[in-house]
Amino acid sequence: MKKTFTIILLCFYAFTLKSQNNSDTIKLQEVIIIEKSIKNDTSSFGYLGKVHLKDIPYSVQIIPEKLIESTGAHNLLNALKTDASIIPTLDPNNDERGLTNVSIRGYSPNYLLDGLTINSYHMPLVENVERVETLNGLNSFFYGFSSFGGTINFVTKKPTTKQIASISAGVHSGSVYFNSIDLGGAIDKSKKLSFRFVSYIEDGDTYIKDQHQKNISIYGSLNYNLFKNTNLRLDVSHQNNLIQGQQNVFTVNPASNINLPSVELFDPTVLYGQPWTYSKLRFTQIGINLESKLSSVFTFRSSFKYGDAWWKYNYNVSSFTDNNGNYKTFNKDFGSNQRYYNAGYALVDASFKTFKIQHDVTFGYSGSNTLIHFGGNPSSSILLGTFNVSSPEYVTMPDTIPSLSDSRTSYNRYYYHNFLIGDRIKINKYVSAVIGLSQAIYSTKRTTGNMTQTGSADYTQNKLVPCASLVVKPIEQISVYASYVQGLGIGGIAPDAAKNAGEMLTPSVNEQVEIGIKTGIKTFNFALAGFMINSKNEYIDPSDSIYKQDGREIHQGIEFSTDFVVFKTLSFRGSFTLMDVSVSKATNNPAIEGKIPQNVPLSNAGALIEYKLPFMKNLAFSFGGFYCDKRPINAVNSAFIPSHYQLDAGVRCQTNINTRTITFNVYVSNLENKKYYASYTSTGLRLGTPRLFTLSAKFEL
């Protein structure tokens, strides 16, 4: 690690020095990443298409590729760090399944890839995307189905007629070395056929001792201009992922006077699990997209993705037995799961005027279905022993762990159907509106086979949900809006820690009201939103350890975000969220009435500052930070994860050598090496990450 750090710093220094002595060979590039990022003034507005940010009557954030690269992000948590509505809940190195997850406005979001539902167990690699869009709040109408808190849409890199070629290499998360190739351009002279190809490989030891990470990803896309206004695009991606040595998951029981231990007792670089535990994943996805301008009025858009994913994992879960750091550890081994999924939409856009009022109408269908085959045997749970956080031990893998069969007699199948019609109405340059109706249909079919899951096997819910928004622009640069939307929320699945693990709860109807103001004046932007979300409450009942629905969750609060550039040398991007969240109308368990739902903070903030030296335009320095409020660990709020903050810093050099652009980047997260708890979800406690260096070099050929 020290050797790699020294080599890259020497290269960094050499190019900086040479830029002063050999100006004929090297041309310095002006570097302002945040300024480039704020020029993204349009975003996907669900199935209504791309819309200017000031015309979207919801809180929206865009994280472009340049900003992802400049902050050394290699997972979703790091990429969204400056969006204060995003709360990390699962770090891939600290999750028993190697997954990444966040929450928006106190809820787990819905994840989309190019506007279509993702059901591959794994988030898309940020190295394969050109931007990440977050549409906060309940927005079921715009995406068919959505989480209560919001939607995260990964927009993949698209074919380009301009020839591009770049190679990136570096190290992150300890000693995980990576390299990436990104190619694109026109294939024929007429430029009707173009392509994009991205490969990514990482391999090495993470910052956690005896944990190894390996990831191989290939993504390819072809675009063919069939006619003047008709494009056909094909996408193919494949990924293999392995994490060897899963971090332990800890649980506490305040009801038995076993409290949350001090975070200072833990060392985030120690593997509290076992080196022989693992998470294995492989998936393949194929997509097709067709868009055609049929006339001056009508446009047809359709997209379809099919994928299959295989997943198997083995991990340890531990429960503290006292307040002295002692805990019992159990190993859980799962039979492999196979998932088949597809999603698509077929939409028609009609643009016309009636009595000088502009209408942009979208109508059509969107839907998806997923089939999950579970391994034929139930997971095993074997006691490995009793340990202490000050002296964790490795043990030999027990020979009593059964050889789990891949015969899959248990399955879940989910169907999502959505028929929608929406109209973006522009009355004049001052007033516009969005109105729409969506017929949402959700159904599930399930057999338990020889699994231990409980609950109803089949159910269907059908709901007509409305949406209405009004946008007023007193001047062109300012938008004031108010929105109301209903949505059909999908019932949650009971986690492993619940007695009814795997049970699927029933859908529910939820609603949101949001008001806000946005402005964009040259390089200055800000947005302020106030919201109220009313949703069904789901939780693990401490009285019987059963995952159930009881009462309503009321999430209300404000979000503020801004980005701007001063004198072309100083750039700023930041946001904060303040919420008042509580459970109401709890009838089964009055003890949760008025309480904050598990793992929901009431305030958080994030910021990133970038400064370019006026006398050395090839250098840019960045400094950022993130704050997260305390969070309850259970439904009755008997204990809380302490609040924490984290500071980051980076330096970047960009230069040209004979028209070839080279960018060197050094980024340090958790600069002060603070210990903190990242989250406490329904499956257990997650540790935060220590101080980490990301070192990279990107060569644009």
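**View 1. Ile63 of strand β4 meets its bridge partner Val132 in β9.** This close-up comes from a predicted model, as do the others below. Strand β4 (residues 60-64) has 5 of its 5 residues buried, so the rest of the structure largely encloses it. Look at the two sides of β4 in turn: Val60, Ile62 and Pro64 are buried on one side, and Gln61 and Ile63 are buried on the other. In a regular strand, side chains alternate between the two faces of the sheet. The neighbour of β4 here is strand β9 (residues 129-136), and the two pair in the antiparallel sense over 5 bridges.

**View 2. Five strands line up in an open sheet.** Follow the order β4-β9-β10-β7-β8, and you will find that the pairing is mixed. Which strands stand at the edges? They are β4 and β8 (116-117), each with a single partner strand, so one side of each has no neighbour in the sheet. At the β8 end, strand β7 (residues 110-113) pairs with β8 in the antiparallel sense over 2 bridges. One contact to find is Leu112, whose bridge partner in β8 is Thr117.

**View 3. Arg131 and Glu133 form a salt bridge.** Their closest N and O atoms are 3.1 Å apart. Are these two residues buried or exposed? Both Glu133 and Arg131 are buried.

**View 4. Arg196 and Asp182 join side chains in another salt bridge.** Here the N to O distance is 2.8 Å. Arg196 belongs to strand β13 (residues 193-206) and Asp182 to strand β12 (residues 174-186), so the pair ties together parts that lie 14 residues apart in sequence. Arg196 is buried, with a relative accessible area of 10%, and Asp182 is buried too, at 7%.

**View 5. Arg301 and Asp349 link distant parts of the chain.** The closest N and O atoms of this salt bridge are 2.6 Å apart. Arg301 sits in strand β18 and Asp349 in strand β20, 48 residues apart. Both Arg301 and Asp349 are buried. Elsewhere, a network of salt bridges links Asp114, Lys158, Arg233, Asp235 and Lys305. Counted over the model, there are 16 salt bridges.

**View 6. The largest nonpolar core has 23 residues.** Those with the most contacts inside this core are Tyr121, Phe145, Trp311, Tyr414 and Tyr442. At least two core residues come from each of β17 (278-293), β18 (298-320), β21, β23 (410-426) and β24 (431-447). Which strand gives the most? That is β18, with 5 residues. A second, separate core has 22 residues, including Leu76, Val102, Tyr111 and Tyr667.

**View 7. Seven named residues make a nonpolar patch on the surface.** Find Ile167, Ile181, Leu183, Phe197, Ile218, Phe699 and Leu701, which together make a patch of about 540 Å². Leu701 is in the segment after β39 (692-700). With a relative accessible area of 53%, Leu701 counts as exposed, because the cut-off for that word is over 50%.

**View 8. Lys356 and Lys585 each have a positive phi without being glycine.** For Lys356, phi is near 70°, and the residue lies in the loop between β20 (337-354) and β21 (357-374). Its relative accessibility is 77%, so Lys356 counts as exposed. For Lys585, phi is about 60°, and the place to look is the loop between β30 (570-584) and β31 (603-612). Lys585 is exposed as well, with a relative accessible area of 65%.

Conventions:
Residues numbered from 1 in each chain as written. Predicted model: local features only at pLDDT ≥ 70, side-chain atom pairs only at ≥ 80, totals over all residues. Heavy atoms only, no water. Helix = DSSP H or I, 4+ residues; strand = E, 2+ residues; numbered from the N terminus. Buried < 20%, exposed > 50% of the residue type's maximum accessible area, 1.4 Å probe, protein only. Patch = residues over 30% accessible without salt bridge, like charges linked within 9 Å, V, L, I, M, F, W, Y side chains within 5 Å. Areas by Shrake-Rupley, 256 points an atom, 1.4 Å probe, with all protein chains shown as cover. Salt bridge = Lys/Arg side-chain N within 4 Å of Asp/Glu carboxyl O. Core = buried A, V, L, I, M, F, W, Y, C linked by side-chain atoms within 4.5 Å. Pairing = 2+ DSSP bridges.
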